[in-house]
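Open the model in your viewer and keep the selection tool at hand. We will go stop by stop.

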Amino acid sequence: MTGTLAPGSALPDRLPDVERIAVLRANAIGDYLMSLPALHALTRAYPRARLTLVGAPWHQGFLAGRPGPVSEVLVLPRVDGLAGITANVPPASELPRFLAALRERGFDLAVQLHGGGATSNPLVRQFGAGTTVGLRAPGAAALDRWVPYRYYQPEVSRYLEVVALVGATGCAEDAELAVTDVDRAQADAVLPPPVGRGWVALHPGATDPRRRWPPQRFAAVGDALADAGFDVAVTGSAAERELVSTVVSAMRRPVLPLVGAVGLGGLAGVLARCELAISNDTGPLHLARAVGTPTVGIYWCGNAINAGPATRSRHRPVLSWTVHCPCCGADCTRDLYPSRPGGPACGHRPSFVADVQVDEIVDEALDLLTGPAG
């Protein structure tokens, strides 16, 4: 079978004799976690296969020894034009040697879960796999089996649709990430037992400033939850120290700052110990969901389509409906790059979620913490 599934057609049969699977997904933590249901689906469909993630440097440390669908990680060198590549990757000069080594492995199946395919599809075709599947935007090279890439689609469903092309099925909520004993030990070293009703984590950071809710509002939420008897921690990377400090300084109630205190695994352990995580639309929000912690997420409306949770029993997205740049009025919904509201249309970087109100977040948080679901 070549190309897409016809409407109403049956799920394709699984491929025979698949022992080696390569998956291209070489970007950040949130991106990886949104692909987890598809990876789990692949390993259920092909339980004897070894799944190799062609990924980023951080994948190696984070996934080493962690139970899950990934058997090994190979770090992709820099590829010109491939979006989302993280820092500290091997130079592009290493790419020919890397691809030659992949071909020697004799992969039976290669899966492209890295964008619309303009750069990633030609790359995956060089893996030398028996069958290639993935996403295809208009103008991108075809793979053996592919589904059309359109920007506005829930990411988890997008990748499940890809792996369905080879008979692998899964659930959008099947994004469970194993928390290891090492993760828990790192968390216990920085997060003491709660004094009150349990820990709530606030995460005010995000790489893109347009996804950041004002820190003073995080502080107001923290005070409201502390008033309700919960212990509050504010998490952030070392690069987000000033942002975390702004939240802590604005709070009138005691708060525990956790800035660069643990690595990614330790953060998974911290979030797993929390009763709730409140965060901008960024990696730690998806990490909290993956370790089973209820969340309140702050989303720009367009991003909520792609990255928001599908259910509401344990996860509550609160949306900003800003559709024009607050600085110049440019229409960010019709941008050439919808994932970057205000991008080429204007270049401004104000918060696109500042219209979300404090009481919206507090109401959802308390409903999860103290309502029937809680």
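**Stop 1: a strand and its neighbours**

Select Ala201 and Ala233: Ala201 stands opposite Ala233, which is in strand 8. Keep in mind that this is a predicted model.

Now extend the selection to strand 8, residues 231-236. Strand 7 pairs with strand 8 in the parallel sense, over 4 bridges. How does the chain get from strand 7 to strand 8? It passes through helix 7, residues 215-227, and this β-α-β crossover is right-handed.

Next, select strand 10, residues 276-280. Strand 10 also runs parallel to strand 7, and 4 bridges join the two. For a residue to centre on, take Leu202, which stands opposite Ile278 in strand 10.

**Stop 2: the strand itself**

Show side chains for residues 199-203, which make up strand 7. Which residues point which way? Trp199, Ala201 and His203 point one way. Val200 and Leu202 point the other way. Are they buried or exposed? All are buried. Because 5 of the 5 residues of strand 7 are buried, the strand is largely enclosed by the rest of the structure.

**Stop 3: two helices crossing**

Go back to helix 7 and add helix 13, residues 358-370. Their axes come within 10 Å and cross at roughly 35 degrees. The crossing is right-handed.

Display the side chains at the contact:

- From helix 7, select Arg217, Ala220, Val221, Ala224 and Leu225.
- From helix 13, select Val358, Ile361, Val362, Ala365, Leu366 and Leu369.

Colour this contact of helix 7 with helix 13 by residue class: 10 residues are nonpolar, none is polar and 1 is charged. The charged one is Arg217.

**Stop 4: a buried histidine**

Select His286, which sits in helix 10, residues 283-290. The relative accessible area of His286 is 6%. That is under 20%, so His286 counts as buried.

What does His286 touch, leaving out residues up to four places away in sequence? Its contacts are Gly30, Leu33, Met34, Asp281, Tyr299 and Ala307.

**Stop 5: an exposed loop residue**

Finish at Ala87, in the loop between strand 3 (72-75) and helix 3 (95-105). Ala87 has a relative accessible area of 54%. That is over 50%, so Ala87 counts as exposed.

Add Pro57 and draw a distance between the two C-alpha atoms: the separation from Ala87 is 8.1 Å. Along the chain, Ala87 and Pro57 are 30 residues apart.

Methods
Residues numbered from 1 in each chain as written. Predicted model: local features only at pLDDT ≥ 70, side-chain atom pairs only at ≥ 80, totals over all residues. Heavy atoms only, no water. Buried < 20%, exposed > 50% of the residue type's maximum accessible area, 1.4 Å probe, protein only. Pairing = 2+ DSSP bridges. Right-handed = clockwise from strand over helix to strand, strands pointing away. Axes fitted to C-alpha atoms, helices over the stretch in contact; angles between N-to-C directions. Left-handed = near helix turned anticlockwise from the far one by under 90°. Contact = heavy atoms within 4.5 Å.
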